Amino acid sequence: MIKYETVIGLEIHAQLKTESKMFCSCDNYSVDAKPNENTCPICLGMPGTLPVPNKKAIEWVYLLGLALNGKIAEKFNFERKNYFYPDLPKAYQITSSTKPPVIGGRVEIETEGVIQNIRINHIHLEEDAGKLIHPKLGEYSLVDLNRAGTPLLEIVTEPDMRAPREARIFMQDLRSILRYLSISDANMEQGNLRCDANISLRPVGQKELGTKVEIKNINSFKMIERAIEYEVERQMELLGENKKVVQETRGWDESKGKTLGQRSKEEANDYRYFPEPDIPPLEPYSGKEIDFDEIKAWLPELQKEKSQRFINEYNLSTQDAEILTSDLELSRYFEQTLEELPDITKNDEIKKQKAKKVSNWIISEVLAKLNLAGISISDCKVNHKDLAELLDKADHGEISGKIAKEIFAEMFETGKNSEQIIKAKGLSQISDTGAVKVMITEVIKENQGPVSDFKAGKEKAFGYLIGQVMAKSRGQANPQVVNEILKDLLDKE
Amino acid sequence: MRKITKEQVEDLAKLARLGLTDAEKTSLAREMTVILEYSMLLDEVDTKGVQPTSQTTELKNIFRKDCKVISDIDINEKLQNAPVKEKSFIKVKKVLE
């Protein structure tokens with residue numbers, strides 16, 4: 001029985017979140033726009049129009065190139081990829097795959113503790129096509145060209161992945177990099193990050209690659225692994241029966257859980273590329289238009305570096321550091337909240353203690369609420385200042401931990417700050433010994449039975465009495481103060 | 001001497017979404033062969049060191065600032081070339097997924 005090895009390469013498309021489109025000044029943000037609202041003669045492909053590249057989109061390709069350790073090509077040029085499809089108004093897509101702007105590069109991924117380099121073949125820049133809608137009823141399709149002309153990155157990897165899991169981890173790491181660089185929303189469900197997978201099998205030890213099959217339509221992280229697993233199994237079965245794998249494009253059908261052969265537009269695969277005569281070539285190192293020092297200065301601390309820093313600087317666990325850095329905004333929220341706390345700069349020990357508290361709060365309270373509401377940290381009504389204020393109050397015994405959680409729940413719902421809620425509800429913790437004493441005296445009077453039980457040596461009765469005092473104060477009495485005074489008064493009884 | 005075959009014409013017609021009759025295919029194959037022959041005169045010239053002419057302006061690095069401009073052209077005007085519309089969508093024959 002021959003043993004086979006799985007070989008996976010990915011082609012990833014990511015929309016850039018520039019303000020305007022790739023070759024015209026149309027608004028690149030169309031979420032709230034009417035169909036075809038954000039279009040102009042250039043992206044509609046009217047004759048006589050002239051596309052002019054968006055400088056920011058080009059700078060961002062270089063930024064990603066630098067982040068992935070790729071080589072910036074001394075020269076690149078746009079070209080036309082010709083095909084007819086209703087979502088492509090010009091009947092060609094302006095792309096740059098033949099002479100791409102970034103060559104090579106790598107992403108380091110970690111699977112089960114093993115670090116592995118996934119090499120990047122190249123990164124190129126192109127324009128997205130429009131969107132087609134296929135109403136279920138009716139023999140027609142609808143075209144919306146708002147997306148036509150959106151800057152699109154294509155990242156092509158070498159066939160360096162050996163398991164479906166590795167492909168998923170690679171995609172997650174790449175998404176994180178795109179988000180940390182703030183160049184793409186990189187959301188697969190919303191289609192601004194898309195991935196095609198090339199899959200082939202070869203006998204273990206063989207150098208040449210087997211026949212590859214391209215899988216399209218993978219549009220969620222869950223699907224990456226499932227679609228590739230299915231395809232590997234399908235090819236394994238064919239080879240097991242001594243049949244041949246046919247080179248083709250297959251689409252992942254999520255509802256059927258299968259890949260299916262696609263025929264439509266891939267049938268005549270001849271795109272007749274030629275250089276785009278309307279756009280002069282780009283030579284980033286000649287002239288002063290592209291400033292690589294500036295682009296290098298934009299390179300932020302990426303997720304892996306930040307996670308490591310959180311571990312070193314704040315003494316967080318690996319797991320907590322990874323959760324907090326899983327979202328750039330969340331990592332910022334954590335550090336901003338921490339910086340907002342008084343005494344934070346006093347010494348490293350205090351900083352680590354407070355960091356642990358803030359981290360626990362964010363992970364167990366804030367994230368739990370966000371997940372439940374299905375929103376992200378940027379939509380959270382509680383800003384870092386208000387959270388810091390709340391945590392500081394709890395830290396100083398002004399409110400109990402339990403009350404703090406209740407106040408937070410209301411802050412999360414209403415966006416009010418802790419001070420407003422405490423005032424409106426009279427929730428301040430009662431540490432005033434006089435007020436506590438009055439309540440305890442009442443409790444002792446009302447609970448003579450348990451009091452004598454306690455005197456008779458039943459320790460449990462003490463807990464019961466504490467509970468009664470806390471109930472009377474509606475949970476606002478400082479438990480430590482109650483504890484001390486109750487002991488004191490019982491001794492005197 | 002290279003000849004354009006009828007099959008090549010059929011492939012091109014398919015890519016260009018043109019429906020051709022059999023007679024048109026035959027005559028196009030003949031005509032295209034003549035055109036190709038003519039352009040093959042270039043093969044006789046030594047073009048070593050001659051720059052491709054896809055670019056003739058000698059310009060390079062032409063960009064625009066990333067800045068959106070809200071078009072003052074009305075959607076209806078933009079879509080006036082679309083044969084069929086539905087709301088502000090362009091309506092086309094069903095495209096298979």
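Just after helix H8 of chain A, Gly374(A) takes a positive phi of about 65°. Keep in mind that this is a predicted model. Let's work back into the helix from there.

H8(A) covers residues 348-373, so count 26 residues. Its first and last C-alpha atoms are 35 Å apart. At 1.5 Å a residue, we would expect 38 Å, and the value is close to that. Now follow the helix along. Where does H8(A) have its kink? The kink is centred on Ile362(A), and it is about 35°. Ile362(A) is also one of the buried residues of H8(A). The others are Lys354(A), Ala355(A), Val358(A), Ser359(A), Trp361(A) and Val366(A). Note that a lysine is in that list, Lys354(A). What covers these buried residues? The cover includes four helices of chain A: H5 (303-314), H6 (318-325), H7 (328-340) and H9 (384-395).

Next helix: H14 of chain A, residues 460-472. It has 13 residues, which should span 18 Å at 1.5 Å a residue. The end C-alpha atoms are 19 Å apart, so the two values agree. Which residues of H14(A) are buried? They are Leu465(A), Gln468(A) and Val469(A). Look down the helix axis: the buried residues fall within an arc of 95°, so they line one face. Here is the rule behind that. An α-helix has 3.6 residues a turn, so residues three or four places apart point the same way.

The buried residues of H14(A) pack against three helices of chain A: H12 (433-446), H13 (448-455) and H15 (479-492). Now turn the helix round. The face away from the buried side carries exposed residues, namely Lys460(A), Gly463(A), Gly467(A) and Ala471(A). After H14(A) comes Arg474(A), with a positive phi near 50°.

One more helix, briefly. Asp293(A) sits in H4(A), residues 292-298. Is Asp293(A) buried or exposed? Count the other C-beta atoms within 10 Å: there are 6. Exposed means 12 or fewer, so Asp293(A) is exposed. Its C-alpha is 43 Å from that of Gly210(A), and the two residues are 83 apart along the chain.

On to strands. Chain A has an open sheet of 3 strands, in the order E4-E3-E15, with antiparallel pairing. The edge strands are E4(A), residues 92-95, and E15(A), and each pairs on one side only. E3(A), residues 79-82, pairs with E15(A) in the antiparallel sense over 2 bridges. In that pairing, Arg80(A) stands opposite Phe274(A) of E15(A).

Last topic: the two chains together. How many residues of chain A are in contact with chain B? The count is 43, and they meet 35 residues of chain B. On the chain A side, the elements giving two or more residues are helix H1 (55-67), strand E9 (140-144) and strand E15 (274-275). E15(A), then, belongs both to the open sheet and to this contact side. The largest share comes from E9(A), with 5 residues. By kind, the chain A side divides into 20 nonpolar, 12 polar and 11 charged residues.

E9(A) also pairs across the chains. Its partner is strand E2 of chain B, residues 89-93. The pairing is antiparallel, over 4 bridges. To find one of the paired residues, go to Leu142(A): its bridge partner in E2(B) is Lys91(B).

Conventions:
Residues are numbered from 1 along each chain as its sequence is written. Chains are lettered from A and ligands numbered from 1 in the order in which they are written. This is a predicted model: local features need pLDDT of at least 70, side-chain atom pairs count only at pLDDT 80 or more; totals for chains, interfaces and linings use all residues. The expected span of a helix is 1.5 Å times one less than its number of residues. A residue is buried if 20 or more other C-beta atoms lie within 10 Å of its own, exposed if 12 or fewer, and partly exposed in between; C-beta atoms are placed from the backbone. The arc is that of the directions from the helix axis to the C-beta atoms. Two residues are in contact if their C-beta atoms, placed from the backbone, lie within 7 Å. Ala, Val, Leu, Ile, Met, Phe, Trp, Tyr, Cys and Pro count as nonpolar, Asp, Glu, Lys and Arg as charged, and the others, Gly among them, as polar. Two strands pair if DSSP finds at least two bridges between them. The bend at a residue is the angle between axes fitted to the seven residues ending there and the seven starting there.
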